[in-house]
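Got your viewer ready? Load the model, switch on sticks for side chains, and follow along one selection at a time.

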Amino acid sequence: MFEAIANAQKSIYLEMYIFQNDMEEFDFFNLLKEKAKLGLRVRLILDSFGSAGLRESAVSELKETGVEILSLSYLLHRMHRKVLVVDERIAFVGGVNLHQTSRFWNDLMVRIKGNLVEKVVVSFAKSYANAGGIDPILLSKNNKIASAFLVNTWIVDHSPVREKFRFKRIYKKYLNKAQDSIILITPYFIPRRWLRAALHQAVLRGVKVEVLVPKNTDHFFIDRVNYFYIFKLSKLGIKFYLEKKMNHAKAIIIDKKEALVGSQNLDFLSFDFNSEIGVFFKDIEAVSKLSEIATKWKKDAILFDYKTYKPKWFDYILSPLINLFSFFYRIF
C-alpha cells in the first residue's frame, strides 16, 4: 500500500476506520502530504470515532497541503471500511488500519487490478458523496454503474443506509452450501444466533468447521465474550485455533474453492450496523494462496479444548450484557 501511494501519479483515495500519524516505518501521514503538495488529488475519508485520536493540528496539516479530509459516520453506526485506490488503476480492500499498533498484527488486504478496480472506485465515490465531498470527478461516479467484470470475483458493499444485511445474506448462503470445509478468520467472535445456527448445521452435515481467533485481542472485555462463545460452540464440534499473535484479519474460505476477505468482523456491529466492504473471489490461485496463509497461521496456534477450559464467572455476565446491548443498539 505504501509503495502504491509512493508511485501514484494522479489520485489517491483512502477510506480508513483508524488512521493515525504515529507510524514509524511506514509514514502514510507524511507521504500523503507529499503527494498532495505535488498536485495529486488526495481524498481521505475517516470514521469520526475510530480516528478520533488524530488531532486537529494533524488534520490541519493535511488540509494545508491540499488533502481533502472528510469524516463519515451515522448515529450509532461506524464507517468500518478499509479501502485504498491509487490512480484508479490499483485498489486494496481488507482489514488493515493505518496506525502503529496494528503494524505488528497479522492481517489481510487484497490487491485488486483490472476491471474490478472500477467497482471499488464507485464504492468509494458513494462514501465520498455521503461524507459531503466536493470533487466533481468523484461525484460523477457516485451513481455510476460499474462495467461488467469477471463473474468469479466481485466487490461486496454493506452499510446501514444501503445494501443493509448484505453480508448476512452472503454468509448464510455460502455457509449453508458448504460441503467439505469452512474456515473463518476473525479477531472478534461474537456470533448472532443465525450464525451460530448456520455453523452448527454445517457440522451436522459433516462439514469441517474451523475458526481462527487470537488468544488475546486488543480488548480484555472482548476476550471474555470471545471465550464464552468459543466454549459453547466448540462443544458442538467446531474447532477453534487460538493464535498467540493478535490477528486482525477477516476472511471466510468455503470448500477451498471460494473466499471472502474484507473489513467485517463476526459480530453484530459488522453484520447489522457498520459500513463494510469485502471482495469475494473464486479464482483458484487466489483461494489457494489464502488457504496457505490460513494453514500457516494454524500451525502457530493452539487448538482450544473445551474439556480443560474453565469459564470465568464474569463470562456469564458479560456475554448476556453484550447481547442485551446489541438488542437496544438495533432499536436505536
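Select Thr186 and Leu266 to start: a polar atom of the Thr186 side chain sits 3.3 Å from the backbone nitrogen of Leu266. That pair qualifies as a polar contact, meaning N or O atoms within 3.5 Å, where within protein one must be able to donate a hydrogen and the other to accept it, and residues adjacent in sequence count only if both atoms are side-chain atoms. The Thr186 side chain also reaches the backbone oxygen of Tyr188, at 3.0 Å.

A word on what you have loaded: it is a predicted model, in which local features need pLDDT of at least 70 and side-chain atom pairs count only at pLDDT 80 or more, while totals for chains, interfaces and linings use all residues. Residues are numbered from 1 along each chain as its sequence is written, and side-chain values use heavy atoms, with hydrogens and water left out.

Stay on Thr186 and turn on the cartoon. Thr186 belongs to the loop between strand 8 (181-185) and helix 7 (193-204). Helices here are DSSP runs of H or I with at least four residues, strands are runs of E with at least two, and both are numbered from the N terminus. Thr186 has a relative accessible area of 1%, so it counts as buried; the cut-offs are under 20% for buried, over 50% for exposed and partly exposed in between, with a 1.4 Å probe and protein chains only. Now show what surrounds Thr186: beyond its neighbours within four places in sequence, its contacts include Val211, Pro214, Asn247, Asn265 and Leu266. Contact means heavy atoms within 4.5 Å.

**Next selection: Ser263 and His80**

Which side chain does the side chain of Ser263 meet in a polar contact? Pick Glu276: the two side chains are 2.6 Å apart. Ser263 is in the loop between strand 12 (258-262) and helix 9 (268-272), and Ser263 is buried, at a relative accessible area of 0%. If you measure C-alpha to C-alpha from Ser263 to Asn274, 11 residues along the chain, you should get 9.9 Å.

Keep Ser263 shown and add His80. The backbone oxygen of Ser263 is 3.0 Å from a polar atom of the His80 side chain. His80 sits in the loop between strand 3 (68-71) and strand 4 (83-86) and counts as buried, at 7% relative accessibility. Leaving out neighbours within four places in sequence, His80 touches Tyr17, Lys250 and Ser270, among others. Try one more distance here: the C-alpha atoms of His80 and Gln264 are 7.8 Å apart, though 184 residues separate them in sequence.

In the loop that links strand 3 and strand 4, find Arg78 as well. Arg78 is buried, at 18% relative accessibility, and its side chain makes a 2.9 Å polar contact with the side chain of Asp47.

**Next selection: two backbone oddities**

Most residues other than glycine have a negative phi. Check Glu88 and you will find a positive phi of about 55°, although it is not a glycine. Glu88 is in the loop between strand 4 and strand 5 (90-94) and is partly exposed, at 29%. Asp255 also has a positive phi, of about 55°; look in the loop between strand 11 (251-254) and strand 12. Is Asp255 buried or exposed? Asp255 is buried, with a relative accessible area of 14%.

From Asp255, hop to Asp180, which has Asp255 among its contacts along with Val207 and Lys208, leaving aside neighbours within four places in sequence. Asp180 lies in the loop between helix 6 (166-177) and strand 8, and is partly exposed at 49% relative accessibility.

**Last selection: the largest pocket**

Centre the view on Leu108, Met109, Val110, Arg111 and Lys289: of the 35 residues lining the largest pocket, these are the closest to its centre. The pocket's volume is about 1,200 Å³. Colour helix 1 (2-6), strand 6 (109-113), strand 13 (276-281) and helix 10 (284-299), since each supplies at least two lining residues. For the record, on a 1 Å grid over the protein atoms alone, a pocket is an open set of points where a 1.4 Å probe fits, with protein on both sides within 12 Å along at least five of seven lines, and lining residues have an atom within 4 Å of a point. Grid points are joined across faces, edges and corners, and the volume is the space filled by probe spheres set on them.
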